[in-house]
Amino acid sequence: MSEGRYSTYEVRVRAVNAIERGWCVGEAADAFGISRRTLHRWLTRYKDNGHDGLHRQPGSGRPRKLEELNEHDLRDIVLHPASAFGYETDLWTVGRLHGVIHDLYQVAVSRDTIWRSLREAGLTYQKPEREYYEIDEELRQKWRRYEVPKICKTVKNYRAILYFQDESNVSLTAFLSKTWALRGKTPKAPVTGKRGAVAALSAISKPGRLVFRLLEKRIASGEVIEFLAQMLKHHPHRHLVIVMDQAPPHVSKKTKAYIESQTRLHVFYLPKYSPDWNPDEKVWNYLKHQELKSHQAKTKDELKHLTRRKLQSMARRPKLLRGLFFRCCVSDLFG
């Protein structure tokens, strides 16, 4: 989160909670992508008014045209699915919100006013994360209640390094970023029409370490075992606690047999259909949508070299990686 973006109430609460758990101001500011001055201001407001002081403060200036709609009312609308207001899908656009406000309040406001009101209410325009229909929320809560303490205890008992591990495919078909152009004159971005991808494994730790491995074939049990062996070699004198999902190569007999044979390796599994609980997902999201957006690779070999270079650059930026780690909604459980 950059300083140019509006922070949400949740981010402000998590940043203050990190300080209360013993983090230093500099470390928390880096992890949450804010300045120390901003964090000190939040801490002062929290000291004076508790969590209520972390809500966005009203600004000065001329009276707003839409005075009847306060921040709470706006959030109450937007945090309900758009389908509850008669739309076909759940997602909000400014156009949809414009129509709902007009119907409810019988007032004509500009879309710029709506944009400004959304930002002041701590709302930002975001791409939703996938949430699977198959999610078992009861199972996820049991994991938080029983598995998290086991993970933390294992880390403490062995003075181990905690990693979250995941895999991904990096495609030759790049995500395109936006640019400025004349109205009605959509620019062209030259990309290859070839199909292909590079398979990759990575693992991220809370202090901001990143270990990765790139492959040109499908990831199976053998590749997972080789990556785990690479991690053990990377930390020759330390125990490793690794949290991963329940993908078939992770839970195969071959992989589990290898894990049981390694005295320094302790593996735990996330609940099924819970990619949002894996901080390593944030690494791949950042790589594809930031570092590799609009990439110009034309072959798998070029893509592999480019991906390796970008990941090596990220691995040398622990502040960035800590920020990615703590953007995960369960990261605080391991703080």
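1. Let's start with helix H13, residues 318-325. In this predicted model, 6 of its 8 residues are buried, so the helix is largely enclosed by the rest of the structure. The buried ones are Leu320, Leu321, Arg322, Gly323, Leu324 and Phe325; note that an arginine and a glycine sit in that list alongside the leucines and the phenylalanine.

2. What covers H13? The cover on its buried residues includes three helices, H2 (25-32), H11 (280-291) and H12 (300-315). Strands E1 (161-171), E2 (197-205) and E3 (210-215) are also part of that cover.

3. Methionine 314 is worth a click while you are in this area. Leaving aside neighbours within four places in sequence, Met314 is in contact with Leu320, Leu321 and Leu324, and those three leucines are among the buried residues of H13. Its other contacts, on the same terms, are Leu210, Val283, Tyr286, Leu287 and Glu291.

4. Which residues touch the most other members of the largest nonpolar core? They are Met314 again and Leu39, in a core of 55 residues. H1 gives the most to this core, with 6 residues. Another core, of 22 residues, lies apart from it, and Val211, Ile219, Val224 and Met231 are among its members.

5. Now for H1 itself, which covers residues 9-20. With 12 residues at 1.5 Å a residue, the helix should span 16 Å, and its end C-alpha atoms are 17 Å apart, which agrees. Just after the helix comes glycine 22, with a positive phi near 110°.

6. Which residues of H1 are buried? The list is Val11, Arg12, Val13, Arg14, Ala15, Val16, Ala18 and Ile19, so don't be surprised to find two arginines in it. These buried residues pack against H2 and against helix H3 (36-49). H2 therefore turns up twice in this note, as it is also one of the elements covering H13.

7. Stepping back to the whole protein, you'll find 13 helices and 5 strands. The C-alpha trace spans about 70 × 55 × 40 Å along its principal axes. Of the 335 residues, 42% count as buried. Among contacts between residues at least 6 apart in sequence, 69% join residues at least 24 apart.

8. Last, the surface and the charges. The accessible surface comes to about 20300 Å², and 50% of it belongs to carbon and sulfur atoms. There are 60 positive and 38 negative side chains, with the centres of the two sets 8 Å apart.

Key. Residues are numbered from 1 along each chain as its sequence is written. This is a predicted model: local features need pLDDT of at least 70, side-chain atom pairs count only at pLDDT 80 or more; totals for chains, interfaces and linings use all residues. Side-chain values use heavy atoms; hydrogens and water are left out. Helices (H or I, at least four residues) and strands (E, at least two) are DSSP runs, numbered from the N terminus. Buried means under 20% relative accessible area, exposed over 50%, partly exposed in between (1.4 Å probe, protein chains only). Contact means heavy atoms within 4.5 Å. Accessible areas come from the Shrake-Rupley method with a 1.4 Å probe; for residues, only the protein chains shown count as cover. Lys and Arg count as positive and Asp and Glu as negative; His and the chain ends are not counted. The place of a charge is taken as NZ of Lys, CZ of Arg, CG of Asp or CD of Glu. The expected span of a helix is 1.5 Å times one less than its number of residues. A nonpolar core is a set of buried Ala, Val, Leu, Ile, Met, Phe, Trp, Tyr and Cys residues joined through side-chain atoms within 4.5 Å.
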